[in-house]
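Biologist: Could you take me through one part of this model up close? I'd like the backbone oddities and the sheet of chain B, and then anything worth a look on the surface of the other chain.

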Amino acid sequence: MHAVVDYLPSILSGALLTLELALLSLFMALVLGLTGAAAKLSKIAPARWTATLYTTVMRGVPDLVMMLLVFYGGQILVNEVGDRLGWDYVEIDPFVAGFVTIGVIFGAYFTETFRGAFQSVPAGQLEAGAAYGLSRWQVFARILFPQMLRFALPGVGNNWLVLLKSTAIVSMIGLSDMTWLADQAGRSTREPFLFYMVVCVLYLLMTAVSGVVLDWLTRRYNVGVRASVL
Amino acid sequence: MSKLAFFAAALLAVSVNVQAKDWSTIRMATEGAYPPFNEVGSDGALRGLDVDIGNALCAELKAKCVWVKQEWDGMIPALISRKFDTIIASMSVTEERKKKVDFTDKYYSSPLALIAKSGSPLRPALESLKGKRVGVQRGTVSDNYATKFWDGKGVTVVRYAKQDEAYLDLGSGRMDAAFVDFWEAHGGFLSKPDGKSYSVLGDKVFGKTAEERAVIGDGIGIAVRKKDQDLKAALNKALAAIRANGTYEKITKRYFVDDIYGQ
Amino acid sequence: MDTSVITDNLAQYVSGAWLTLHLVFISCLCGLALAIPLAVLRVSRNHLVSGTVGVYTYFFRGTPMLVQLLLIYYGFAQFQWLQDQWQAEHPLWLLFREPYFCALLAFALNTCAYTTEIIAGSMRNVPHGEIEAARAMGMSYPTLLRRIVLPSALRRAIPAYSNEIILMLQGSSIASAVTLVDITGAARNVYSVHFAPFEAFVFAGLIYLVLTFALVGAFRLAERHWLAHLQPRKSAAAPVPSA
């Protein structure tokens, strides 16, 4: 047990890093997802094509491969652009590579979630809004968007859980997240089983807390909606 | 106005570049998974002989050391793409690597060695290793040597991202042997409790032919970018200084009883 | 782009792709075979039974597959007992010495957990009337499962399951963490020799894309075959607009 006590503070700080990475990625994925959904539902054909290309490619390439490409290749690209523009050195560290990759990949999944949710809002409600004399922006902000969130919530929750677990991959490009630190501790103390179990427990804790938050959100956004009884 | 802004920006960019060149801060990279040379401690900080030497060099140069942890796989490309300024991660100086980067003088030297259960008949030779599984760290000189002289000739060479993973698999019996830098094996495995029933089998491998010696390389040095000749010169001077004033010996004695510098 | 980096190492990529394919195929097959009985237990009214299966699926769906793989490969090997079995060349435990088997086991247990929940969810959604009708016909529980619930539930699970297999294909890229040279492993080897990240990883990404497309196509055919009865009816009179 002694070894775990020794390493626990550093692994917990790694857990914090994992959480930070996951939340930043989530934010980026949500922004990309909303943009992607807007593009997919837009009347401009090139926007639709671009969004379709984006979701197809991102869902067909593993996150690890993408991350290796961004981390090792991205730096070369950034340097070349930077040298031309006379910037000082801009670093792509494992954290940046990790959150960009996870954000961009899950942006594709969120695009599909939001597209479906936007389409689930009954058209009659939008028409009713227009009939009441609301502007297009008011219809979007007061009717379409809040209702869309309700339909999107289960998908968003599911994607979040998958995203959270994807963060473990970032340890493979050397970010000192909790998986990397536990891996290192396991190798140093020759007790990998114990330390991997610690990581599992920490991930399960995060999953459990996420579950509670998601339940609360679902209840909040479903106020006034009658659950169907089987 | 916009022209003025452009000039100001250009001037700023130039001055930033000049500042970066005076080496008041040196970004040093190491792997953090190669004890006792470099590892991450239970507090999450980098430590080990490489780190101590790097810090001593920075102290000598009155520069600030910023340590960067980098996976072994991408060490050299990361140096070239300026993620950091030096690699001080027990990297052997080989002709192959010198095509991409420059090296300082060596700060220690190590032959290669075959590690297996004590008393096993294995030797670091093709005939002896046929049908056996040998673990190496990917992208190291041990990997290059095993790949060139053993792999595909009846020996199964298994590549690991980290040296310690090869030891875990050697300890559990997945590997028949590990092929590794002698001093690393000595300080990172054989002298530890779980390495006590293992030993170096056969002779240490210094390279018998010119071809073999080319793969093994010529001592272990600090890598810098080819264009940073000033940094290389400064590091060489500092290295000579810490060798002369006893700092080097004090550091190596923390980890090894014997002399690891070589002749 | 230096295409010689790819052409010189094509053999490595091809054998990597082959490894990826059979890892995914065999693990999904085993996972599915195990998931069907587990799903039946999962929907059981006995809380002890469904809860036990629930603990298993919760663990495997709540933790990253990478950690599961490392736990099985490096974690289990730490135990003296297992090492002794290897020394004694016990045929069953010797399997755990092979990285291939460890990856297969981790992948199969992981996909089985997800598939169990997919099928269980699908079983809960079988129209109540169908079950009542079967009961009224005097069917026993096993017959009911075999003739009514499972055929219907499995068909409806196809879309979700096809998604799961595609995620497994992507997820299998972590096999390189335990010394296996799959597509990603080949790319990492090529990268560590040539230091050409674009060539090495873009080509790997392309292989995965092609495999994903092939899978998506195959599943679309499967859906057309087995889910034909759920497709919206096409009107014979009006021509279907193309977009």
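Modeller: Sure, here is a walk through chain B, with a short stop on chain A at the end. Keep in mind that this is a predicted model.

Let's start with the sheet. Five strands of chain B make an open sheet, and reading across it the order is β10-β9-β11-β8-β12, with mixed pairing. The edge places go to β10 (156-160) and β12 (198-205) of chain B; each has a single partner strand, so one side of each is left without a neighbour in the sheet. From one strand to the next, the twist averages 30°.

If you want to zoom in on one pairing, go to β9 (residues 133-137) and β11 (residues 177-181) of chain B. These strands run in the parallel sense and pair over two bridges. To find your way on screen, pick B:Val134 and look across to β11(B): the residue standing opposite is B:Ala177.

Now for the backbone oddities, taken along chain B. At B:Pro35 and B:Pro36 you'll find a cis peptide bond joining the two prolines, with omega at about 5°. B:Pro36 sits in the loop that runs between β2 (33-34) and β3 (38-40) of chain B.

Further along comes B:Arg82, which is not a glycine and still has a positive phi, about 70°. Look for B:Arg82 in the loop between α3 (75-80) and β6 (86-92) of chain B. Is B:Arg82 buried or exposed? Neither quite fits: its relative accessibility is 22%, and because buried means under 20% and exposed over 50%, B:Arg82 counts as partly exposed.

B:Ser90 is another non-glycine with a positive phi, this time about 55°. B:Ser90 belongs to strand β6 of chain B. With a relative accessibility of 5%, B:Ser90 counts as buried. So put side by side, B:Arg82 is a partly exposed loop residue, while B:Ser90 is a buried strand residue.

Last, hop over to chain A for the surface. Four residues there, A:Val81, A:Leu85, A:Trp87 and A:Val90, make a nonpolar surface patch of about 370 Å². One of them, A:Leu85, is part of helix α3 of chain A, which covers residues 63-85. A:Leu85 has a relative accessibility of 54%, and because the cut-off for exposed is over 50%, A:Leu85 counts as exposed.

How values were computed. Residues numbered from 1 in each chain as written. Chains lettered and ligands numbered in written order. Predicted model: local features only at pLDDT ≥ 70, side-chain atom pairs only at ≥ 80, totals over all residues. Heavy atoms only, no water. Helix = DSSP H or I, 4+ residues; strand = E, 2+ residues; numbered from the N terminus. Buried < 20%, exposed > 50% of the residue type's maximum accessible area, 1.4 Å probe, protein only. Patch = residues over 30% accessible without salt bridge, like charges linked within 9 Å, V, L, I, M, F, W, Y side chains within 5 Å. Areas by Shrake-Rupley, 256 points an atom, 1.4 Å probe, with all protein chains shown as cover. Salt bridge = Lys/Arg side-chain N within 4 Å of Asp/Glu carboxyl O. Pairing = 2+ DSSP bridges. Axes fitted to C-alpha atoms, helices over the stretch in contact; angles between N-to-C directions.
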